[in-house]
Each structure stands twice: as C-alpha cells, then as structure tokens.
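Me: I'm new to this one and curious about its charged side chains. Can you walk me through them?

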Amino acid sequence: MVDRPRPSRLSSEPDDPGAFTRRHDRWYTALAGPYEAAVRRLPVWKTWIGRALPHLRGPRVLEVSFGTGYLLARWAGDVEAAHGVDFNRRMVETARGSLARAGATASLVQGNVEALPYPDGCFDTLVSTMAFSGYPDGHRALAEMERVLRPGGRLVLIDFAYPADGNRIGSA
C-alpha cells in the first residue's frame, strides 16, 4: 500500500476583511500575556519558529507579524539592520520588552502586512512565522512581501498546517 499525502484544504478569504482583522487584533490584544508565556515555555513552538533562524541572511532583515518578539530577539543582534512590523499595538510593546531583555535592538513599527511601510527592494530577507493564515488577503500580503525584498532576496515563511503524517503537534 502506497502512503499518499492528503490533498490540502485551502481556506477562502473572509467575506469582511475589516471585521476579520479587527477580530484577530482584539484576540491578540487580549492574549498577549498568555501568548508570550506559551511561546517561551512550549518546546514545540520554539522548534517550529526556530527553524527559520538558519535561513536568515542580512544585512537588512524584516520580520512581519513578529508577535511577542521571541524569534526577533533571537536574530536581531546578528544582522546590521533588524526591522519588524506587526499590526497589533500590544504585540509591538511586548516585543520591545523581549528585545530589551535580550540586549538586542530593532526598528519596530505598528503596521499592516498588506501595506508595508518600506520602499521597494530594501530587505535581504523577510521572515514570517505562524502568521500568514491570519491575513485576510494572502495574495496581497505576499505581493507586499515580495515588493520589499531585494531581487534575489529570501522569503522565510513558516505557518500552521495539518501535516499529512498526522503529526499535529509538530514533533520531530
């Protein structure tokens, strides 16, 4: 018997992108504290997002939707210019604390991945972990990511999926 992967099930874009974004923003604001604790304590989470680290190349790197800043604090000191953008104001504040605890610095802004506040081609690498499935317009978000990457730049994207092998907790 041949073990074949199941076909992926793609979700559709929300009927009301604004309501979708407001709902996610409220949810992340309410859960910022517990979310920070979970990211720091759950080995599986650290493993998932930590897989991005070997792929980051500088000197200019942007992390979109950085959440609590756990990953950002791990790589920001290794590049010449670390940048981050997140939609949620509370996550930006939490990430500033994460960076301070790590002794790292980055230019953080509150903004929308569907309208990134950066010029064309200004980053060598763009990283996004566990966030893409939360964008109301994935095509637009991806187009913006591509726009701010320099020609030949790297997009490092890690997100949720239900693996064909049934390994829902992402253990190795």
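Me: Is R150 buried or exposed, or something in between?
Reply: This is a predicted model, where local features need pLDDT of at least 70, side-chain atom pairs count only at pLDDT 80 or more, and totals for chains, interfaces and linings use all residues. Residues are numbered from 1 along each chain as its sequence is written, and side-chain values use heavy atoms, with hydrogens and water left out. Buried means under 20% relative accessible area and exposed over 50%, with partly exposed in between (1.4 Å probe, protein chains only). R150 has a relative accessible area of 33%, so the word for R150 is partly exposed.

Me: Which residue meets R150 in a salt bridge?
Reply: A salt bridge puts a side-chain nitrogen of Lys or Arg within 4 Å of a carboxyl oxygen of Asp or Glu. R150's partner is buried, at 12% relative accessible area, and N to O is 2.7 Å for this pair. The partner is D124.

Me: How many residues apart in sequence are the parts that D124 and R150 tie together?
Reply: Strands here are DSSP runs (E, at least two residues) and helices are runs of H or I, at least four, numbered from the N terminus. D124 sits in strand β4 (residues 123-129) and R150 in strand β5 (residues 149-158), so the parts tied together are apart by 26 residues.

Me: Which residues share a network with E144?
Reply: E144 and R147 meet in a salt bridge at 2.9 Å, N to O. Both lie in helix α5 (residues 138-148), 3 residues apart. Salt bridges with shared partners join E144 into one network with R147 and D120.
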